Each structure stands twice: as structure tokens, then as C-alpha cells.
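Here is a short report for a first look at this protein. Take a moment with the sequence and the model before reading on.

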Amino acid sequence: MDTGKIASQCGHAYLGAFINANRELQSEYHSEFPQSPGTKVCLSCKNLSQLLRAEEQAKAAGIPVFKVVDSGCANFFNGEPTITALGIGPATKAQIKQITKKFQLL
């Protein structure tokens with residue numbers, strides 16, 4: 001994916017995970033960062049298996065997740081729906097670290 005496509009997929013992942021968080025968690029997150037939308041970190045993983053494993057670990061830990069499946073328009077992915085990103089959180093650094101420790105900073 002080119003830089004613009006990656007950025008849009010990350011935006012979908014963040015927003016989807018935040019929407020999937022319950023209202024109490026959303027409110028807690030916002031109150032912690034009243035002047036800022038909080039910290040976001042974009043990481044890359046080696047392969048789809050690693051991404052799906054992170055999704056399962058986050059779900060098991062009760063952390064909101066959102067898996068982005070690109071619709072597969074003709075310009076990307078040969079027109080096939082494709083998993084492109086995973087939003088995890090809101091969560092604390094300690095909660096996320098164990099799940100994403102093998103990922104690299106994008």
C-alpha cells in the first residue's frame with residue numbers, strides 16, 4: 001500500500017476500535033486526555049497471522065478491536081476484499097505492550 005492508503009486504513013482502524021469501545025471506556029479515555037485525542041501509534045506486523053493473533057489476544061483481554069477489511073476496489077488488491085489494518089484500544093500502554101511487542105514502528 002502507498003502512504004496515503006496506509007493512512008486511511010489506520011484512520012478506519014482507530015475510529016472503528018473507538019466506536020466499538022463502550023461509552024464508559026470512551027468517556028474515561030477522553031477525560032484522561034481532555035486537550036488531546038490521546039496517543040496513537042502505527043505499527044506493522046510481519047504477516048496476516050500475526051495481525052489475527054493480536055486481534056484474538058486483544059479480544060481475550062477485553063480490549064476493543066476493529067479489523068479493517070478493504071472493499072477491494074479495482075485500484076487495490078486486485079478487486080478482492082483484503083484485511084489491511086487492526087485497531088486496538090483504547091487501552092493502556094501496559095495492556096497493549098504484551099500484544100504488540102513483536103510489531104515494528106511503521
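Two residues are in contact when heavy atoms of theirs lie within 4.5 Å. By that rule, Phe103 touches Leu43, Ser44, Cys45, Gln50 and Ala54, leaving aside residues up to four places away in sequence. The model is a predicted one.

Phe103 also belongs to the largest nonpolar core. Eight residues form this core: Leu51, Ala54, Ala58, Ile63, Val65, Leu86, Ile99 and Phe103. Helix H3, residues 48–60, gives the most to this core, with three residues. Ala54 is thus named twice: as a core member and as a residue that Phe103 touches.

Now the fold as a whole. The protein chain has four helices and four strands. From the N terminus on, their order is α-α-β-α-β-β-α-β. The radius of gyration is 14 Å, close to the 13 Å that the globule rule gives for 106 residues, so the chain is as compact as a globular protein of that length.

Some values for the protein chain follow.

| Property | Value |
|---|---|
| Box filled by C-alpha atoms, along the principal axes | roughly 40 × 25 × 20 Å |
| Exposed area | about 7200 Å² |
| Distance between mean positions of positive and negative charges | 8 Å |

Carbon and sulfur atoms supply 55% of the exposed area. The charges number 11 positive and 8 negative. Buried residues make up 29% of the 106 residues.

How do contacts span the sequence? Among contacts between residues at least 6 apart in sequence, 60% join residues at least 24 apart.

Key
Residues numbered from 1 in each chain as written. Predicted model: local features only at pLDDT ≥ 70, side-chain atom pairs only at ≥ 80, totals over all residues. Heavy atoms only, no water. Helix = DSSP H or I, 4+ residues; strand = E, 2+ residues; numbered from the N terminus. Rg over C-alpha atoms; globule rule 2.2 N^0.38 Å. Buried < 20%, exposed > 50% of the residue type's maximum accessible area, 1.4 Å probe, protein only. Areas by Shrake-Rupley, 256 points an atom, 1.4 Å probe, with all protein chains shown as cover. Lys, Arg positive; Asp, Glu negative; His and termini not counted. Charge placed at Lys NZ, Arg CZ, Asp CG, Glu CD. Core = buried A, V, L, I, M, F, W, Y, C linked by side-chain atoms within 4.5 Å.
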